[in-house]
Amino acid sequence: MQKPFITSWSGGKDSALAYYRAVQQGHVPIALFTMFEEDGERSKSHGLKQQILEAQAERMGLPLVIGKADWSGYEEEFIHHLQNFKEQGIELGVYGDIDLQDHLDWVEKVSDKAGLEVLHPLWQEARRSLLEELIEEEFKAVITVVDTARVGEEFLGRVFTRELIEELEALGIDACGEEGEFHTTLVDGPIFVEPLPVELGTIVHNGQYAMLEVKLQTGE
């Protein structure tokens, strides 16, 4: 049964593939939903600036809905927006979690409070097969954040390819980055009408995380 949905949108590969699969299943996308820091400067999950996420949404033909909160107010703000979606007639929330049970449990808890159904299109699939699908479907994702305790800064700016996957796995790094080893930014793929014209800038450090500045090219 086709249902109108919102996607919990990080700007990276997993939320993109989850969205793609939901559309393939016949569901109807209404909006992207992203949580930002309380000051609105960067997204909570991937540290992206608003102009990048808005440019992605524009290439998907969808509005971007933003929530803003620190960690103490995160859940309350998240539920508030889910309730708003429900009031607008949206029935379904789509999420890109793969196999972390505590993530699934949290999503189901907050969605239940808002009366929204949940779809996890990637849940319990082999991580490697999801990466293969990403490449076969010609998604282009760039590593833009690494946890330097687990992944070297030399991986920043690398595009996801089979060679990169093998390189990460040879080092004992989960190539999906499911547990926060690294984060990606989607710059092209079948869900975009045109590529995202990005410039990769300097590296910014925040504790043990190293983050590559992602900007739109001049003229955008």
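## Internal cavities of the predicted model

The count comes to two cavities of 30 Å³ or more, a cavity being a set of points on a 1 Å grid over the protein atoms alone where a 1.4 Å probe fits but cannot get out. A volume is the space filled by probe spheres set on the points, which are joined across faces, edges and corners. This is a predicted model, in which local features need pLDDT of at least 70, side-chain atom pairs count only at pLDDT 80 or more, and totals for chains, interfaces and linings use all residues. Residues are numbered from 1 along each chain as its sequence is written, and side-chain values use heavy atoms, with hydrogens and water left out.

| Cavity | Volume | Nonpolar lining residues | Polar lining residues | Charged lining residues |
|---|---|---|---|---|
| Largest | about 60 Å³ | six | three | three |
| Second largest | about 40 Å³ | six | no | two |

Lining residues have an atom within 4 Å of a point. Ala, Val, Leu, Ile, Met, Phe, Trp, Tyr, Cys and Pro count as nonpolar, Asp, Glu, Lys and Arg as charged, and the others, Gly among them, as polar.

The lining of the largest cavity consists of Arg42, His46, Gly47, Leu48, Lys49, Ile52, Thr144, Val145, Met211, Leu212, Glu213 and Val214. Two or more of these residues come from each of β6 (140–147) and β9 (209–216), and β9 gives the most, with four residues. Helices (H or I, at least four residues) and strands (E, at least two) are DSSP runs, numbered from the N terminus.

Around the second largest cavity lie Lys13, Asp14, Leu17, Leu122, Leu130, Leu131, Leu134 and Cys176. Here the elements that supply two or more lining residues are α1 (13–24) and α5 (127–136).

Notes:
1 Å grid on protein atoms, 1.4 Å probe; cavity = no way out; pocket = protein on both sides within 12 Å on 5 of 7 lines; lining within 4 Å.
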